[in-house]
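Thanks for asking me to look this one over. My notes are below, as numbered points you can read alongside the viewer.

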Amino acid sequence: MKCPLCKGTMGKSKTNLPYEIGEEYLVVVKGVPALVCKQCGEPFVEIAELRVVEKIVDSAKKDGITLGIVKYKEAA
Ligand SMILES: [Zn+2]
C-alpha cells in the first residue's frame, strides 16, 4: 500500500498510539504494529490492531490508569 499523504512506500514497523479522552485521561500504547511511510513517517494502523488497542485502553481504564504508557500485546 502507498502512503495516503505523500504516496511513499509503506513498510511494516511499529508505532506509539496516544489515546486522549477529555482533559484527565491520556494513555500511550507502545509498540503497536503499523505500516509506516518510509518517506514521511506517517503511521497507518489497521482496524484489527486498533480493536486490540481499544481493549488495552479499556482495561487500563478499569485498572484506574488515567495517565501512562502501556505496551501493546495481542492477548489483551
Ligand atoms: Zn508518506
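**Notes on the model**

1. Let's start just past the helix. α1 is followed by Gly 64, and the phi of Gly 64 is positive, near 85 degrees. Keep in mind while reading that this is a predicted model.

2. Now the helix itself. α1 covers residues 47–62, which makes 16 residues. Does its length add up, or not? At 1.5 Å a residue, α1 should span 22 Å, and its end C-alpha atoms are 23 Å apart, so the two values agree.

3. Stepping back to the whole chain: there are one helix and four strands. Reading from the N terminus, the order is β-β-β-α-β. The C-alpha trace spans about 40 × 30 × 15 Å along its principal axes.

4. Next, the hairpin. Strand β1 (residues 10–21) and strand β2 (residues 25–37) pair in the antiparallel sense, with eleven bridges between them. If you want a place to check the register by eye, Lys 12 stands opposite Leu 35 in β2. Three residues sit between the two strands, and in this hairpin Gly 22 takes a positive phi near 65 degrees.

5. One backbone angle to look at before the hairpin: Lys 7, in the segment before β1. Lys 7 is not a glycine, yet its phi is positive, at about 65 degrees. Is Lys 7 buried or exposed? Lys 7 has 11 C-beta neighbours inside 10 Å, so it counts as exposed; the cut-off for that label is 12 or fewer.

6. On to the core. Which residues make up the largest nonpolar core? There are six: Val 27, Val 29, Val 32, Ala 34, Ile 56 and Val 57. β2 and α1 are the elements that give two or more residues to this core, and β2 gives the most, with four. As background, nonpolar side chains in soluble globular proteins tend to be buried together.

7. Val 57 is a handy residue for seeing how the helix meets the strands. Setting aside neighbours within four places in sequence, Val 57 is in contact with Tyr 19, Val 27 and Val 29. Val 27 and Val 29 are also members of the largest nonpolar core, as is Val 57 itself.

8. Last, two figures for the whole chain. Of its 76 residues, 9% count as buried. Looking at contacts between residues at least 6 apart in sequence, 54% join residues at least 24 apart.

Definitions and conventions:
Residues are numbered from 1 along each chain as its sequence is written. This is a predicted model: local features need pLDDT of at least 70, side-chain atom pairs count only at pLDDT 80 or more; totals for chains, interfaces and linings use all residues. Two strands pair if DSSP finds at least two bridges between them. The expected span of a helix is 1.5 Å times one less than its number of residues. A residue is buried if 20 or more other C-beta atoms lie within 10 Å of its own, exposed if 12 or fewer, and partly exposed in between; C-beta atoms are placed from the backbone. A nonpolar core is a set of buried Ala, Val, Leu, Ile, Met, Phe, Trp, Tyr and Cys residues joined through C-beta atoms within 7 Å. Two residues are in contact if their C-beta atoms, placed from the backbone, lie within 7 Å.
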